[in-house]
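Subject: Handing over the two-chain model

Hi there,

Here is the structure I promised to pass on to you. Have a look at it first, and then read on for my notes.

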Amino acid sequence: MIGPVVKNLRLERGLSQEALANLAHVSSGYLSKLERGLYKEPSYEVLSRIANALEIPTAKLYKAANMEHLLAEADPNFEPVAHDFAPKLNDLPKRDRGLILTEIRRIMLEESEGGAS
Amino acid sequence: MSTINDDLLDTIEFLVNRHRLHTRLPVELGPLLDRFEIRKHNFTPMTMGFAFVRPKSMHIGINKNLKIDEQRMAIAHEAAHIIANQAGQLFVCRTSDWSRDRDEREAQLIAACLLIPLRVVAENYYPGAAPQLARALKVPADLIELRWSFARVHGDI
């Protein structure tokens, strides 16, 4: 579950809820509800802002929350690639499709980071 | 019964000899797999694994919930898609439907040829022996049956 993971990471960094909310450009109320587990699958956009505020990669936050299989399909930047591979993946269970797409996303991101360096 | 074309069989034989894959039992594919990045994933029982080919790298993902002999077969099967130079960039394999698709059948036959030396089935196979051979070679019993059938059809035995 994402809520307790965000809370633990926030506390590890000595941040108050309000401080993290400000850094991530979300309201304190939203963050409070998220940490209490009232939002089970926040959007990629919100989670990437929270990950940035916590200074960890978004993928790491998804993995820590055991939501890795949701990462690729949630990432709008990856949508065209996911669309290309859809015919080979559509009849798979959602979890397996998500895990494969997330792995493809990781590989392609590493390639682009390698190419940029 | 499916088969493999002679060029591909020649490639498999070359790889087996080059990496001395069949000198020890059970067969270890390690040297052949050095250029592949292999990871295990928490797939559902429906998915065996996948292979993903990039211009400068080759990736295999298998279901970590499979039994060890099935994992060995899955890795060989996924590598086989790439060894066979099959068309496509992504190969996704279910646990049960490989026999319905030509590329899947070909990959499974290659996996059998890589993991099961011909001499083993030629010298030791008899009806009912597959489970025992499978335990010795750390592969699923149906892969032994497939290797035997292929050797018969191909005229090796």
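Lys88(A) sits in helix α7 of chain A; please keep in mind throughout that this is a predicted model. Is Lys88(A) buried or exposed? Neither label quite fits: Lys88(A) has 16 C-beta neighbours inside 10 Å, so it counts as partly exposed, given that being buried takes 20 or more and being exposed 12 or fewer. Which residues does Lys88(A) contact, once its neighbours within four places in sequence are left aside? The answer lies across the interface, with Leu90(B) and Val92(B). As a distance to check on your screen, take Lys88(A) and Tyr62(A): they are 26 residues apart along the chain, and their C-alpha atoms are separated by 24 Å.

That leads on to the interface itself. There, 13 residues of chain A are in contact with 13 residues of chain B. On the chain A side, α7 (79-89) and α8 (94-116) each supply at least two of the residues that touch chain B. The largest share comes from α8(A), with 8 residues. By type, the chain A side of the interface divides into 8 nonpolar and 5 charged residues, with no polar ones.

Now for chain A as a whole. Chain A has 8 helices and 0 strands, so to speak a plain α-α-α-α-α-α-α-α when read along the sequence. Along the principal axes, its C-alpha atoms fill a box of roughly 45 × 35 × 20 Å. Of the 117 residues in chain A, 33% count as buried. Taking the contacts in chain A between residues at least 6 apart in sequence, 59% join residues at least 24 apart.

One helix pair in chain A deserves a look. The axes of α2 (residues 17-24) and α4 (residues 44-54) of chain A come within 8 Å and cross at roughly 115°, and the crossing of α2(A) and α4(A) is right-handed. Which residues make this contact? From α2(A) they are Leu20(A), Leu23(A) and Ala24(A), and from α4(A) they are Arg49(A), Ile50(A) and Ala53(A). That makes 5 nonpolar residues and 1 charged, with no polar residue in the contact of α2(A) with α4(A). As a reminder, an α-helix has 3.6 residues a turn, so residues three or four places apart point the same way.

Over to chain B. The secondary structure of chain B comes to 7 helices and 4 strands, and from the N terminus on the elements run α-α-β-β-β-α-β-α-α-α-α. The radius of gyration of chain B is 15 Å, close to the 15 Å that the globule rule gives for 157 residues, so chain B is as compact as a globular protein of that length. The C-alpha trace of chain B spans about 40 × 30 × 30 Å along its principal axes. Buried residues make up 36% of the 157 residues in chain B. For contacts in chain B between residues at least 6 apart in sequence, 60% join residues at least 24 apart.

Last, the start of chain B. Helix α1 (residues 6-18) of chain B has 13 residues and reaches 18 Å from its first C-alpha to its last, close to the 18 Å expected at 1.5 Å a residue. Just after α1(B), Arg20(B) takes a positive phi of about 50°.

Enjoy exploring, and all the best!

Methods
Residues numbered from 1 in each chain as written. Chains lettered and ligands numbered in written order. Predicted model: local features only at pLDDT ≥ 70, side-chain atom pairs only at ≥ 80, totals over all residues. Expected span 1.5 Å × (residues − 1). Contact = placed C-beta atoms within 7 Å. Nonpolar A, V, L, I, M, F, W, Y, C, P; charged D, E, K, R; others polar. Rg over C-alpha atoms; globule rule 2.2 N^0.38 Å. Axes fitted to C-alpha atoms, helices over the stretch in contact; angles between N-to-C directions. Left-handed = near helix turned anticlockwise from the far one by under 90°.
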